[in-house]
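Here are my notes on this one, for when you have the model open. Have a look first, then read on.

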Amino acid sequence: MYLALLLSMACGCRGTWLMYDSSQRDRLYFTVDGDVNVVSFALLTDTFVDYQATVYMLGMPRDEDRTYKAVFVNSAIGETIRVGGEEVSVNTAVEGIDYTVGDFVIPAGEVTGTLDLRLMRSSDLAGKYKKIDFRIVEDENFLPMDADSTSMSSIITPEFILYITDGEPSCPEWWKTEAAGVDYQWGAYYGKFTPAKFRKLLEYYHGIALKNPGLYEELVAKYGENIDKKGLERNFMSKQDQSVWATYVLIPLRAYYEEYYASHPSEAETFAEVGDLTTMTWGNPMRLLR
C-alpha cells in the first residue's frame, strides 16, 4: 500500500512539473471590471494622490526581482468619455506634470507586482479629463497576456487605463431635501451645500479610518469611499447609523463651521436645535445621539 502511495505521489509530481515549461517566458496582465476608471480631485484637498494598480503574472515566482517593460500609449487623441450624460473630450496626461510612475518590478518570490503612480493636481486639470494609458510589452523576461473579456467582472488585459480630473463637486442626491415638489440643496444637519463644506465633511468621514479602522471599512462597504454608493436615501445620516455619523462627522462639522462663520460673517448660516428649511438653518446633531 505504501509503495503504491509513493508511486502515485511521484507520478503526480512529475505530471505537475511537466505542465509548466520553464523555458517559456511568464505572462503579465491587469484585471478590470469594464467600468471607466476615474480618479477625481474634486472631493479632495490634497495636491497629489498615490495610486497602485496590481500587475498579475502567469508563471512561477523567481528568487530575484525582475523588471518588466510597460510603455505609455498616446491614445487620447480625439477621444471622448460620457460623463453626466454629456460627451467630454479627453487630453493625454503628461509625465512630470500630471503624474509620475515608479519602477516596473515583479518582486522576488511573488506572482504580482504593482504599477505605482503619483497623480498630481496640475494647474490646468480643472474641468478636464486626462488619460494615463500604459501597455505591457514583450521583453526578455515577460510576454503580455492576450486580452480576454469572457468575464466582464474581471477582464484580462495587458493595458492599464486611468482618467484623472479636477473641478468642483456637485451636490450629491443624499444632501438634498424635497419640499412642495422642489429640490433644495440643503440638509438638516449640514445646512446649504457648498463644495468646500462637502470636502470638509469627507475629511471627517475619511478620518474615521485612523480612529476606528474596522468601523471605517464597514462604512465604506455600506456608503462608499466618498459617500457615493448608489441609491443612498436623502438625509440618510439622520436615519441610518445616526450615532456614528453624529459622533465622527456631524458634530465636528458643526463645531468647525460655527467657528468658521464667526470669522466669515458674509458666508454665515444659522444654527438651532432643530433644522429649518425655510431659513436654511442647521439642526443640532447632538439630537442623533440616541
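The points below go from the overall chain to one pocket.

1. Keep in mind that this is a predicted model. The protein chain holds four helices and 18 strands. Its radius of gyration comes out at 26 Å, whereas the globule rule gives 19 Å for 290 residues, so the chain is more spread out than a compact globule.

2. The extents are worth a glance too. Measuring tape aside, the C-alpha trace spans about 85 × 60 × 35 Å along its principal axes.

3. On burial and surface: 37% of the 290 residues are buried. The chain exposes about 16,500 Å², and carbon and sulfur atoms supply 54% of that area.

4. What about contacts along the sequence? Taking those in the protein chain between residues at least 6 apart, 69% join residues at least 24 apart.

5. Now the second largest pocket, which has about 210 Å³ of space. It is lined by 14 residues, and the closest to its centre are Thr194, Ala196, Lys197, Tyr257 and Tyr260.

6. Which helices each supply at least two residues of that lining? They are H2 (195-211) and H4 (242-263). H2 gives the largest share, with five residues.

7. As for the chemistry of the second largest pocket, its lining splits into seven charged, five nonpolar and two polar residues. When you look at the centre, note that Lys197 is among the closest residues there, as are Tyr257 and Tyr260.

Definitions and conventions. Residues numbered from 1 in each chain as written. Predicted model: local features only at pLDDT ≥ 70, side-chain atom pairs only at ≥ 80, totals over all residues. Heavy atoms only, no water. 1 Å grid on protein atoms, 1.4 Å probe; cavity = no way out; pocket = protein on both sides within 12 Å on 5 of 7 lines; lining within 4 Å. Points joined across faces, edges and corners; volume = space filled by probe spheres on them. Nonpolar A, V, L, I, M, F, W, Y, C, P; charged D, E, K, R; others polar. Rg over C-alpha atoms; globule rule 2.2 N^0.38 Å. Buried < 20%, exposed > 50% of the residue type's maximum accessible area, 1.4 Å probe, protein only. Contact = heavy atoms within 4.5 Å. Areas by Shrake-Rupley, 256 points an atom, 1.4 Å probe, with all protein chains shown as cover.
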